[in-house]
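Please open the structure in your viewer and keep the sequence beside it. The tour below proposes one selection after another and states what is found at each stop.

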Amino acid sequence: MQSEESHELTNGISQEEESKETMKSSQKADRKKKKLKEKLLKEASKADNRGVCYLSRIPPHMDHVRLRQILAQFGELGRIYLAPENPDAQVHRKRAGGFRGQMFSEGWVEFTKKSVAKRVADMLNGEQIGGKKKSSIYYDIWNIKYLTKFKWDDLTEEIAYKSAIREQKLNMVLSAAKREKDFYLSKIEKSRAMTEIDARMEKKRKIREESGNNAEAAPVFPQRVIRQFRQKNSIKNETSQSKPGLSTDVLASVFGGS
């Protein structure tokens, strides 16, 4: 009896410990969720306070590292994205002997504060970049504009949309090229089959000629049928014929009687 009672007590204690551990784990999970929620709310509030500026032109020899070094003097920066130029333009420039490095067509710069982004755009737009006179971008002009109510998520959505359209166009071009290739191969197969048929018919014709049955042999190629249509006689132009004039007797009787 004592062993049974001790066994029941140990089972009860183990169940209580398991329940306490589950409660502790659930509390830890709740605390983690709460901290994560607070962190997300802070990030969302920070994102609402951020401002994005658009650069319509990126000077040659400038990349995101150099751009960050220059703009970081005016305020705290977030993310920077520079769009690469068209590959065809890059190839054409390299062939012409121009700058052989990577160039960018446009860019977006994120500031941690909207007020800083507006101030930087108003202060730098249309101004000379400056810096060291030996720098290749010393005489270039800033083309920067603050984007009102524009967030970085809008930029990522636009980039994803453009990439999807580009991929769709590429798939369309590839499918059209595949159709053309299949059509060309089918025509080649038909031409090869017709060539083989002609060769077999020519071989049969030669065999029949050698055996003397050329008169009874049917022609290898059917003669071309030329359709003839009944033509109507052309109508003469009656207006071109000379009109009948008055006889000389009538004219003499008319004018001679007077």
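## Stop 1: A network of salt bridges

Begin by selecting Arg79, which is partly exposed, with a relative accessible area of 37%. Please bear in mind throughout that this is a predicted model.

Next, add Glu110 to the selection. Arg79 and Glu110 form a salt bridge, and their closest N and O atoms are 2.9 Å apart. This pair links distant parts of the chain, since Arg79 belongs to strand S2 and Glu110 to strand S3, 31 residues apart. Is Glu110 buried or exposed? With 3% relative accessibility, Glu110 counts as buried, because the limit for buried is under 20% relative accessible area.

Now include Arg50 in the selection. Arg50, Arg79 and Glu110 are linked in a network of salt bridges.

## Stop 2: Two further salt bridges

How many salt bridges does a search of the whole structure find? The search finds eight, and two more of them are visited here.

Select Arg93 and Glu85. Their side chains meet in a salt bridge, at 2.6 Å from N to O. Arg93 counts as buried at 15% relative accessibility, and Glu85 is buried as well, with a relative accessible area of 14%.

Then move to Glu209 and Arg205, whose closest N and O atoms are 2.3 Å apart in a salt bridge. Both residues lie in helix H5, four residues apart, which is about one turn of the helix. Glu209 counts as partly exposed at 35% relative accessibility, and Arg205 also counts as partly exposed, at 27%.

## Stop 3: Aromatic residues

A search of the whole structure finds three aromatic pairs. To view one of them, select Tyr138 and Tyr139: the pair is edge-to-face, with 4.8 Å from centre to centre and 85° between the planes. Which of these two residues is buried, and which is exposed? Tyr138 counts as buried at 15% relative accessibility, whereas Tyr139 is exposed, with a relative accessible area of 64%.

Next, select Tyr54, Tyr81 and Trp108 together. These residues form one aromatic cluster. Keep Tyr81 highlighted for the next stop.

## Stop 4: The largest pocket

Display the surface and look for the largest pocket, which holds about 330 Å³ of space. Its lining has 15 residues, and the closest to the pocket centre are Tyr81, Ala83, Pro84, Lys162 and Arg166. Tyr81 is thus met again, as it also belongs to the aromatic cluster with Tyr54 and Trp108.

Colour three elements in turn: strand S2 (77-84), strand S3 (104-111) and helix H5 (152-211). Each of them supplies at least two residues of the lining of the largest pocket. Which element gives the most to this lining? H5 does, with six residues. When the lining is coloured by class, it divides into seven nonpolar, three polar and five charged residues.

## Stop 5: The second largest pocket

Continue to the second largest pocket, where about 240 Å³ of space lies. Among the 14 residues that line it, select Ile70, Gln73, Ile129, Gly130 and Gly131, which are the closest to its centre. Helix H2 (residues 64-71) provides the largest share of this lining, namely three residues. By class, the lining has six nonpolar, six polar and two charged residues.

## Stop 6: Two loop residues with positive phi

Finally, turn to the backbone. Select His61, which lies in the loop between strand S1 (51-55) and H2. What is the phi of His61? Its value is positive, about 65°, although His61 is not a glycine. His61 is partly exposed, with a relative accessible area of 39%.

The last selection is Lys149, in the loop between strand S4 (144-147) and H5. Lys149 likewise has a positive phi, near 55°, and is a residue other than glycine. Is Lys149 buried or exposed? Lys149 is exposed, with a relative accessible area of 79%, because a residue counts as exposed when this value is over 50%.

How values were computed. Residues numbered from 1 in each chain as written. Predicted model: local features only at pLDDT ≥ 70, side-chain atom pairs only at ≥ 80, totals over all residues. Heavy atoms only, no water. Phe/Tyr/Trp six-rings, centres within 6.5 Å; stacked < 30°, edge-to-face > 60°. Buried < 20%, exposed > 50% of the residue type's maximum accessible area, 1.4 Å probe, protein only. 1 Å grid on protein atoms, 1.4 Å probe; cavity = no way out; pocket = protein on both sides within 12 Å on 5 of 7 lines; lining within 4 Å. Points joined across faces, edges and corners; volume = space filled by probe spheres on them. Nonpolar A, V, L, I, M, F, W, Y, C, P; charged D, E, K, R; others polar. Salt bridge = Lys/Arg side-chain N within 4 Å of Asp/Glu carboxyl O.
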